[in-house]
Amino acid sequence: MLVREAKLKHATPQQYQALDNAIRTGQFIRNKCLRYWMDNHGVGKSSMDSLCKELAQEFPFAKQLNSMARQAHAERAWLAVKRFYENYRNGVRPVGYPKFKKNSRSVEYKTSGWKLSDDGFYITFKDGFKAGTFSLYCNGKAREDILRSKINRVRVIRRADGYYAQFVLEADRVEEGTYTGEVIGIDLGLKYFVKDQNGNEIIYPQFLRKSECRLKKLQRRLSKKYRHGQKQSANYHKARVQLGKQHLKVQRQRKDWALKQARALVASNDVVAYEDLRVSNLVKNHNLAKSISDAAWSQFTQFLDYYGKLWGKVVVAVNPAFTSQDCHNCGHREKKSLSTRAHQCSNCGTELCRDQNAAINILKRGMEIIGMEWNNSTQGHWETASSEGTTGEINASTTSKGSNLESFGVASVVEEPVISEPVKAEESPRL
């Protein structure tokens, strides 16, 4: 599936109000389905679909929402219930008991209730809310994908700077990757966002920290205009929108930076090993929670996995336990606090940066998972992985593509390792 986004523009306030009504109705349908599941035993997806029809007959405003859109929001409720059951069976804690939505920002249509113009510049919503026609603002490549692909769903999203339409397209995105024969292990941190086994480092720009003064100023403005127990003024809502736009800017800066770094990292390496951090546990440290959230490690690793699958590269998530404390040279475990930034092994005398030592250990664990060996030598191995004169090939989905990893100090241990998806080893929190 591909998702392409376009901004909805050139509409009247009444049209945007109609979209808000549709969003609130979708939230109402989802919450009603969730309440029905809580109050009745043995409720499944089919029961929620049947409830949508009953709600349309009972509430006139619910009937205004397109029938397939009502089913889409019933599916949202069922996905929350299904995830709860799966977490309970698999022993995941917390299990994630489904919760009611208070402030939904999106409404989802399937294949009806909307119509796209032939040139792809306009979209018309035709359900009972009669939102009408909106102009679609996006780049030419996105418009071409929307026109050429089958559209399975259209999702309308309200953000601080306006309304957007997301088109879920039925397409398989496959790109030819460039294979360099390089391997890399990366350690994620706060002083250095990324540090690899060779000591190369990337400093995080700290977008939230740089915008804090502006955010605090806008928050003070908003607080001064708040009227307790009364209807809020137009100036209050203007201040609220300004604050929301600033937060949205920081969010987009963070996402754009993480995407570009992940793309460059996977493009320049055939094997990427990173530590699978449990960020939800790490943010419980209130001294570091803001910095950890601003670093967006989870978003960065998600993009690593995505580009690994897209280009047929090996992206491996390893257990981060003791990667900073174990010596990469002799394996001796040297206990150290977070304030200790250098690794000094009392057993073999190795001295180097703590993050670089962790990156080497991460790379070794990643190579073990995929069945390869890393020797960190400048002289490559003279033998090849097969008698035909070709090297063993590994990637994230198939063994039909690959590159000469052995010439970069990587020796094959198994003949044809096949990895269907990025492998995640046992998880353990670590900074």
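This is a short chat about the pockets in a predicted model.

User: Hi! What kind of model is this?
Analyst: It is a predicted model, where local features need pLDDT of at least 70, side-chain atom pairs count only at pLDDT 80 or more, and totals for chains, interfaces and linings use all residues. Residues are numbered from 1 along each chain as its sequence is written, and side-chain values use heavy atoms, with hydrogens and water left out.

User: How much space lies in the largest pocket?
Analyst: About 2,100 Å³. A pocket here is an open set of points on a 1 Å grid over the protein atoms alone, where a 1.4 Å probe fits, with protein on both sides within 12 Å along at least five of seven lines. The volume is the space filled by probe spheres set on the points, which are joined across faces, edges and corners.

User: Which residues are closest to its centre?
Analyst: Glu5, Ile157, Arg159, Gln166 and Lys255, out of 47 that line the largest pocket. Lining residues have an atom within 4 Å of a point.

User: Which helix gives the largest share of that lining?
Analyst: H7, with 12 residues. Helices (H or I, at least four residues) are DSSP runs, numbered from the N terminus.

User: And how do the lining residues of the largest pocket divide?
Analyst: Into 16 nonpolar (Ala, Val, Leu, Ile, Met, Phe, Trp, Tyr, Cys and Pro), 19 charged (Asp, Glu, Lys and Arg) and 12 polar (the others, Gly among them).

User: New topic: what volume has the second largest pocket?
Analyst: About 340 Å³. Of the 17 residues lining the second largest pocket, Arg30, Arg76, Ala80, Arg83 and Lys101 are the closest to its centre.

User: What gives the most to that lining?
Analyst: Helix H4 (67-90), with six residues.

Notes:
Helices (H or I, at least four residues) and strands (E, at least two) are DSSP runs, numbered from the N terminus.
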